[in-house]
Amino acid sequence: MGAASLSNCGIVWSLLSLCSTGLCCAGFYLPYWLEGTTLGKPAYFGTFRRCNYPAPGKEGTPYVVEECGRYATFDDIPSLSWQICTVLVGIGCGFMILISFTALLACCVEDLVTSRIARAAGWLQVFAALLVAAGVVLYPNGWNSVEVQQACGNLSRAYALGTCHMSWSYYITIGGSLLTFFCSGLSYNAAKTKNIHYGI
């Protein structure tokens with residue numbers, strides 16, 4: 001670690017940032033935010049993906065397609081709230097990826113991260129965590145969509161689950177967001193060197 005530009009605290013910051021990014025990105029991609037039932041089989045919803053959905057059979061009788069997939073287009077996402085949530089969490093995850101890879105690279109490259117850059121990265125982590133948190137808070141506003149109501153006993157509405165319940169992917173996204181907030185605090189002591197001024 002002789003060539004690293006991070007202090008010991010910075011190395012912890014780098015590793016925890018990578019963990020928080022992994023949690024948020026996995027939670028965002030995996031469609032296990034909400035669990036209900038469709039035609040007697042489990043149905044799962046994320047922000048832009050779902051698992052086990054009804055389709056018309058050969059004789060007009062509906063059956064459940066037991067597979068996971070994303071909605072064909074952005075407009076097919078069943079709720080405006082979920083569309084906004086997809087954008088917010090997606091942008092937040094993008095910022096987290098950028099910071100995590102920069103922090104990992106700083107473990108090996110000298111003078112890559114100064115105290116000013118580390119603090120800027122910390123504030124960017126706060127912004128990314130707020131975007132993800134906003135998406136997580138907004139997600140239940142979409143429970144009044146027809147697809148969700150069909151899977152939740154026709155009892156769901158905005159911020160009311162009906163017969164559905166939250167699933168594990170939603171919780172790891174929340175955990176990743178909270179860990180990102182924590183990482184932003186570590187960034188203040190992440191740099192091994194102070195700001196560097198190069199002479200001409």
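Me: In which loop is Phe74 found?

Reply: This is a predicted model, in which local features need pLDDT of at least 70, side-chain atom pairs count only at pLDDT 80 or more, and totals for chains, interfaces and linings use all residues. Residues are numbered from 1 along each chain as its sequence is written, and side-chain values use heavy atoms, with hydrogens and water left out. Helices (H or I, at least four residues) and strands (E, at least two) are DSSP runs numbered from the N terminus. Phe74 is found in the loop between β4 (62-70) and α2 (80-106).

Me: Is Phe74 buried or exposed, or partly exposed?

Reply: Buried means under 20% relative accessible area, exposed over 50%, and partly exposed in between, with a 1.4 Å probe and protein chains only. Phe74 has 41% relative accessibility, so Phe74 counts as partly exposed.

Me: Which residues form a nonpolar patch with Phe74?

Reply: A patch takes residues with over 30% relative accessible area and no salt bridge; like charges are joined within 9 Å, nonpolar side chains (Val, Leu, Ile, Met, Phe, Trp, Tyr) within 5 Å. Areas come from the Shrake-Rupley method with a 1.4 Å probe, and for residues only the protein chains shown count as cover. Here Val87 and Ile91 join Phe74 on the surface, and together they have about 250 Å² of accessible area.

Me: How many salt bridges are there?

Reply: Side chains of opposite charge can pair when their charged atoms come close. The rule asks for a side-chain nitrogen of Lys or Arg within 4 Å of a carboxyl oxygen of Asp or Glu. By this rule there are two salt bridges. In one, the closest N and O atoms of Lys41 and Glu66 are 2.7 Å apart. That pair links distant parts of the chain, with Lys41 in strand β2 and Glu66 in strand β4, 25 residues apart. Glu147 and Arg50 also meet in a salt bridge, at 2.7 Å from N to O. Since Glu147 lies in helix α4 and Arg50 in strand β3 (residues 49-56), this pair ties together parts 97 residues apart in sequence. Arg50 is buried, at 8% relative accessible area, whereas Glu147 is partly exposed at 24%.

Me: At what angle do the axes of α1 and α5 cross?

Reply: Two packed helices are described by the angle and the distance between their axes. Axes are lines fitted to C-alpha atoms, for helices over the stretch in contact, and angles run from 0 to 180 degrees between N-to-C directions. The axes of α1 (residues 8-29) and α5 (residues 168-186) come within 8 Å and cross at roughly 155°.
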